Number of protein chains: 2
Amino acid sequence: MTGPARYSKKKLSDFIASVFVAFGMPGDHAGVIADLMAEADLNGSDGHGIFRLPGYVQRIREGGLNLKPDIRVETEKSGMALVNGDNAQGHLVMKFCAEKAIEKAKESGVAWVGSHHSNHAGPANLYAKMPLAHGMIGLYVAVGNANHLPPWGGTEMLLSTNPIAAAVPGLEEPPIVLDMATTVAAYGKVKTAAQRGEDMPEGWMIDKQGQPLTDPTRAEEGFLLPIGGPKGYGLSLLFGLLAGTLNGAACGEDVVDFNADFKTVTNTGQFIVAIDLAAFGDVIGFKRRVDGVIRAIKASPTLPGFDHVLLPGDTSRKKREDHKANGIPLPTALVTALNGLAKEVGVEPL
Amino acid sequence: MTGPARYSKKKLSDFIASVFVAFGMPGDHAGVIADLMAEADLNGSDGHGIFRLPGYVQRIREGGLNLKPDIRVETEKSGMALVNGDNAQGHLVMKFCAEKAIEKAKESGVAWVGSHHSNHAGPANLYAKMPLAHGMIGLYVAVGNANHLPPWGGTEMLLSTNPIAAAVPGLEEPPIVLDMATTVAAYGKVKTAAQRGEDMPEGWMIDKQGQPLTDPTRAEEGFLLPIGGPKGYGLSLLFGLLAGTLNGAACGEDVVDFNADFKTVTNTGQFIVAIDLAAFGDVIGFKRRVDGVIRAIKASPTLPGFDHVLLPGDTSRKKREDHKANGIPLPTALVTALNGLAKEVGVEPL
């Protein structure tokens, strides 16, 4: 028995770019998005890579995405900028924002760059990691593109999984890369459980009576639970206000469900912060202290049922190594769907 | 039957200041700390106000606190500053940092100010709220002053409850004020349950076999649980790296348990971010959008068992109104202890 077919990052990237170009996207934009999407797959963020292509294409088809955007700084001061994404694909906007934050942080030490009129940008960690190569810590927060979370004690889904990602470099140790939703489970995990015909564990979702909901095919009848109850609700709200409302982007009632509505401009909000280590002191000394924290954590005795203690980012890095060596596995159904799309638009199949 | 004795904020503040002055602290410093500690009590943060005075005094007695500190900016760029707290009481350091962040953000739009060689500063929300009066959002993160949290899957307590606070202003609605530990329960809540002879709910703590620990008198045998399992662990670690390691302050193995060791310099790390609303666009428009988010949340139908939906900060604000009108209630045992201290050092009792 063989496993699912595996593909190189380049193969996925070339395929994605060819599809976007077939829809009229400029080649340089298509290349940037394709590279970041394939990078997501390489990192094992399989719910945020090529899996999203059919949805992105649907938005292009229905006119919900601007293929010729003018992404620009709308206003800026030394420690911040606000970027108008001009309804471009989020990957383009957030790469622009990350580069702007890095450039500014070289001068200002810390720079905060927010965006409005952006779109879904794939996994948060892609952008949090961009400052690493410049001797910087990266932080990234986004408003999720569909509301699945009510306020604590309520039943109206006014909030999203609003994720945070952060990347902190070590010296000899690999960077700590956190990437997490403010809900116990991201909604993609619910969809995956439904596809696999598996029950969800208690604690992921409740129904409108407040009872545990474990059947993922009934997900529409309930909602996600925030981490730590009212605390996760508070974090999701805070991230929504900072990444959405502050930037003039959607948060709350005006969030567009991008899985159900492919026409309406989503006005997605995100922000990234770049923190230049050199501004705070000796960079090597900092990275060495991070190594110390990492090594102390790794050396911790474990609870029954745990073989070892992981650092944020360890699982993804392991997947990346496997994918680099052996290729990125794609489920057969996804390959079939993607090749159907390829035929339709007249590009080479996978 | 009458309730516990109640005191005005001024009464508590005057008392606290007199005790600090009796120990040789300059009057202006004593006044600032006393006002912030009494403010904590006024807000209902009763685990972080005058309740802490005996512990702070113990640190002064054992030489663990610098009574004549030179709190200073060690290095700065337009978007950041790093402050050396010179082992002062944390309230002094964090007020200094908040004012510095506000001053810088007026020019830079966003300013991030970190500290090292600070100490416990009371409730996080005090400092997150300081930028509000200047038309700014405030964020505050601290490394907790005792490690009660192991990394996920581990048993060595290398992390603390590392809290985050944030304050976001509305226009007609009161500000949203989030103040939360990254653990399900703050350690103070465990102590309170022990004092009251109550069991803890499952989910607050586990023992070293990974089993639920509900007897708070056995708290030493177990550890706190992070919100959302590995997610809260990741957040606590991230906050520790940003508030501690980045600033050259303690994080991980080098955190001093300030409830057990009153001599060793804690080298507490914190940071505050001030975000100037005017840098991002129309301030009134922003505040109106925040009102919209708040009102939509308040209008949400509720789950069974909930009368209404709360915004972060609502509970504290209600307590504050009661305390302003009727005084701040203090448990008799605490008043007895404080008056014993007063007698010892020769100041007016409460």
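What share of the contacts in chain A with a separation of 6 or more comes from residues 24 or more positions apart? This and the exercises below concern a predicted model.

**Exercise 1. Describe the overall build of chain A.**

Solution.
- Start with the opening question. Residues 24 or more positions apart account for 63% of those contacts in chain A.
- Count the elements. Chain A holds 11 helices and 12 strands.
- Check the radius of gyration. It is 20 Å for chain A, close to the 20 Å from the globule rule for 350 residues, so the chain is as compact as a globular protein of that length.
- Take the extents. The C-alpha trace of chain A spans about 55 × 50 × 45 Å along its principal axes.
- Finish with burial. In chain A, 56% of the 350 residues count as buried.

**Exercise 2. Work out the strand order of the open sheet that contains β8 of chain A, and find its edges.**

Solution.
- Begin with one pair. β8(A), residues 205–207, and β10(A) are joined antiparallel over 3 bridges.
- Fix the register. Met205(A) faces Leu224(A) of β10(A) as its opposite residue.
- Add the remaining strand. The order is β9-β8-β10 in chain A, an open sheet of 3 strands with antiparallel pairing.
- Name the edges. β9 (212–213) and β10 (222–224) of chain A each pair on one side only.

**Exercise 3. Test helix α7 of chain A for length and cover.**

Solution.
- Take the span. α7(A) covers residues 230–243, 14 residues in all, and reaches 20 Å from first to last C-alpha.
- Compare. That is close to the 20 Å expected at 1.5 Å a residue.
- Judge the cover. In α7(A), 13 of the 14 residues are buried.

**Exercise 4. Place strand β6 of chain B among its partners and decide whether its faces are covered or open.**

Solution.
- Recall the rule. In a regular strand the side chains alternate between the two faces of the sheet.
- Sort the residues. Ile164(B), Ala166(B) and Val168(B) lie on one side of β6(B), with Ala165(B) and Ala167(B) on the other.
- Read off the burial. Both faces are covered, as these residues are all buried.
- Find one partner. β5(B), residues 136–142, runs antiparallel to β6(B) and is joined to it by 4 bridges. Here Gly138(B) stands opposite Ala167(B).
- Find another partner. β7(B), residues 176–180, pairs with β6(B) in the antiparallel sense over 5 bridges. Here Ala166(B) stands opposite Leu178(B).

**Exercise 5. In which sense do strands β3 and β4 of chain B pair, parallel or antiparallel?**

Solution.
- Inspect the pairing. β3(B), residues 80–84, and β4(B) run parallel, with 5 bridges.
- Set the register. Ala81(B) lies opposite Val113(B) of β4(B).
- Add burial. β4(B), residues 110–118, has 9 of its 9 residues buried.

**Exercise 6. Trace what surrounds helix α1 of chain B.**

Solution.
- Take the span. α1(B), residues 9–22, has 14 residues and reaches 20 Å, close to the expected 20 Å.
- List buried residues. Among them are Leu12(B), Phe15(B), Ile16(B), Val19(B) and Phe20(B).
- Identify the cover. It includes β1 (6–7), α2 (27–42), α3 (53–61), β12 (328–329) and α11 (332–345) of chain B.
- Look past the helix end. Just after α1(B), Gly24(B) has a positive phi of about 95 degrees.

**Exercise 7. Is Glu344 of chain B buried or exposed?**

Solution.
- Locate the residue. Glu344(B) belongs to helix α11 of chain B.
- Apply the cut-off. A residue is exposed if 12 or fewer other C-beta atoms lie within 10 Å of its own. Glu344(B) has 11 such neighbours, so it counts as exposed.
- Add a long distance. Glu344(B) and Thr155(B) are 189 residues apart along the chain, and their C-alpha atoms are separated by 42 Å.

**Exercise 8. Derive how the two chains are related and how they meet.**

Solution.
- Recall the principle. Two copies of a chain are related by a rotation about an axis and a shift along it.
- Superpose. A rotation of 180 degrees with 0.0 Å of shift brings chain B onto chain A, with an RMSD of 0.0 Å. The copies are therefore related as by a two-fold rotation axis.
- Find the residue at the axis. Gly79(B) comes closest of the residues of chain B, its C-alpha lying 2.3 Å away.
- Count the contacts. 63 residues of chain B touch 63 residues of chain A.
- Find the main contributor. Helix α9 (283–298) of chain B gives the most to that side of chain B, with 7 residues.
- Sort by class. The side of chain B has 34 nonpolar, 23 polar and 6 charged residues.
- Conclude. 100% of the interface residues of chain B are interface residues in chain A too, so the copies meet through the same surface.

Conventions: Residues numbered from 1 in each chain as written. Chains lettered and ligands numbered in written order. Predicted model: local features only at pLDDT ≥ 70, side-chain atom pairs only at ≥ 80, totals over all residues. Pairing = 2+ DSSP bridges. Helix = DSSP H or I, 4+ residues; strand = E, 2+ residues; numbered from the N terminus. Expected span 1.5 Å × (residues − 1). Buried ≥ 20, exposed ≤ 12 C-beta atoms within 10 Å, placed from the backbone. Rg over C-alpha atoms; globule rule 2.2 N^0.38 Å. Contact = placed C-beta atoms within 7 Å. Nonpolar A, V, L, I, M, F, W, Y, C, P; charged D, E, K, R; others polar. Least-squares fit on C-alpha atoms with pLDDT ≥ 70 in both.
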